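Thanks for coming. I have one structure to go through today, and I will keep to what can be read from the coordinates.

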Amino acid sequence: MPSLTENIEQLYTELRATEPQPITSLLLEVKNKNGELHKNYPSGWKFKRGMDTPSLENLNQGGIYVFWWLNDSPESLHSLFAPDCTRTYSVKGKKVAGEDAPDAYHSVEIEWTDAWLTQYQGHIPLYVGKSADSILKRMALHLQIHQAKYTGKTTSDQLRRGMERLFQSHANTADMIVNHVGFSYIPLHGLEHVVNRFYLEDYAIGKLMPLFNVDIER
């Protein structure tokens, strides 16, 4: 029977002590022999498969993961403070009282202000998530890296949707991910760790305040 079997604060300390890896360690650059982009990979990138890459094997298990905007050079944050970075977005809120229309919900505007962004020290947390069975598969869904510009919507694409919100006018947000995003993680695999994953994810969200985890009450 699953129960709390780990020290959550200790797990969080371990997660924070792990230096994020660049997202390119999960990707392969894809082009045709003539140097042109492949029709199935218009971004020029595809996701590696863990079974083909020994260094990724431990990502083929459950656990907690964090996506980061890497801040490891003086130029790292320039894109976030550039004029074409849209740091406001709308979130669907509560149902409008007295309205019968199925889409009658309040819209809440959220802004990532300069003060918000500059409060972070070092890398900027973008999203914290969990997976019971495969961190690697879940991260692939988040990135949607095959597409240069992502217009879809699933329940597991929060990282890519967040990047699209930030860079609405950018023609290739996959490039923004490749150039700026990294990840860290801690394995907690299977049903026996369901409680540990639940609390560690919530604990990490509260401590890190990642940008793309923001949700509002309904």
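I will start with helix 4 and its surroundings, then take the cores, the pocket and a few single residues.

One caveat first: this is a predicted model, not an experimental one.

Let me begin with helix 4, which runs over residues 158-166. Which of its residues are buried? They are Leu159, Arg160, Gly162, Met163, Glu164 and Leu166. That list mixes nonpolar residues with charged ones, as Arg160 and Glu164 are both in it. The cover over these buried residues comes from several parts of the chain, including strand 4 (63-69), strand 7 (124-131), helix 3 (135-143), helix 5 (173-180) and strand 8 (181-187).

Take Arg160, in helix 4. With a relative accessible area of 0%, Arg160 counts as buried, because the limit for that class is under 20%. What does the side chain of Arg160 reach? One partner is the backbone oxygen of Gln147, at 2.6 Å. Another is the side chain of Thr173, through a polar contact of 3.0 Å. Neighbours within four places in sequence aside, Arg160 is in contact with His142, Leu143, Gln144, Ile145, Gln147, Ala148, Lys149, Tyr150, Thr173, Ala174 and Ile177.

Now the other end of that side-chain pair. Thr173 belongs to helix 5 and is also buried, at 0% relative accessibility. Its contacts beyond four places in sequence include Arg160, Met163 and Glu164 from helix 4. Ala148, Lys149 and Tyr150 are also among the residues that Thr173 contacts, and those three are in contact with Arg160 as well.

Two more residues in helix 4 deserve a word. Gly162 sits in this helix and is buried, with a relative accessible area of 0%. From Gly162 to Tyr127 the C-alpha distance is 9.0 Å, across 35 residues of sequence. Met163 touches Trp69, Leu126, Thr173, Met176, Ile177, Val181 and Phe212, again leaving out residues up to four places away.

Met163 brings me to the cores. How many residues does the largest nonpolar core have? The count is 39, and Leu26, Phe67 and Met163 have the most contacts inside it. Strand 3 (45-47), strand 4, strand 5, strand 7, helix 3, helix 4, helix 5 and strand 8 each give two or more residues to this core. There is also a second, separate core of 14 residues, with Ile8, Leu11, Trp68 and Leu208 among them.

Next, the pocket. The largest pocket holds about 560 Å³ of space. It is lined by 20 residues, and Ser90, Lys153, Gln158, Arg161 and Arg165 are the closest to its centre. Which elements give two or more residues to this lining? They are strand 5 (88-95) and helix 4. By residue class, the lining divides into eight nonpolar, five polar and seven charged. So helix 4 appears both in the lining of the largest pocket and in the largest nonpolar core, because its helix run contributes two or more residues to each.

On to backbone angles. Most residues other than glycine have a negative phi. Gln144 has a positive phi of about 45 degrees, and it is not a glycine. Gln144 lies in the loop between helix 3 and helix 4. Is Gln144 buried or exposed? Gln144 is buried, at a relative accessible area of 19%; the class ends at 20%, so that assignment rests on the cut-off. Gln144 is also on the contact list of Arg160. The other case to mention is Met209, not a glycine either, with a positive phi of about 55 degrees. Met209 is in the segment after helix 6 (194-208) and is partly exposed, at 41% relative accessibility.

Last, two residues from other helices. Leu117, in helix 2 (residues 114-118), is buried at 3% relative accessibility. Setting aside sequence neighbours within four places, Leu117 is in contact with Leu80, Phe81, Arg87, Trp112, Ile124 and Leu211. The C-alpha atoms of Leu117 and Leu77 are separated by 9.6 Å, with their positions 40 residues apart along the chain. Gln10, in helix 1 (residues 8-17), is exposed, with a relative accessible area of 54%. Gln10 and Ile186 are 176 residues apart in sequence, and their C-alpha atoms are 12 Å apart.

That is what I have; I can take questions now.

Terms used:
Residues numbered from 1 in each chain as written. Predicted model: local features only at pLDDT ≥ 70, side-chain atom pairs only at ≥ 80, totals over all residues. Heavy atoms only, no water. 1 Å grid on protein atoms, 1.4 Å probe; cavity = no way out; pocket = protein on both sides within 12 Å on 5 of 7 lines; lining within 4 Å. Points joined across faces, edges and corners; volume = space filled by probe spheres on them. Buried < 20%, exposed > 50% of the residue type's maximum accessible area, 1.4 Å probe, protein only. Contact = heavy atoms within 4.5 Å. Core = buried A, V, L, I, M, F, W, Y, C linked by side-chain atoms within 4.5 Å. Polar contact = N/O pair within 3.5 Å; in protein donor to acceptor, adjacent residues only side chain to side chain.
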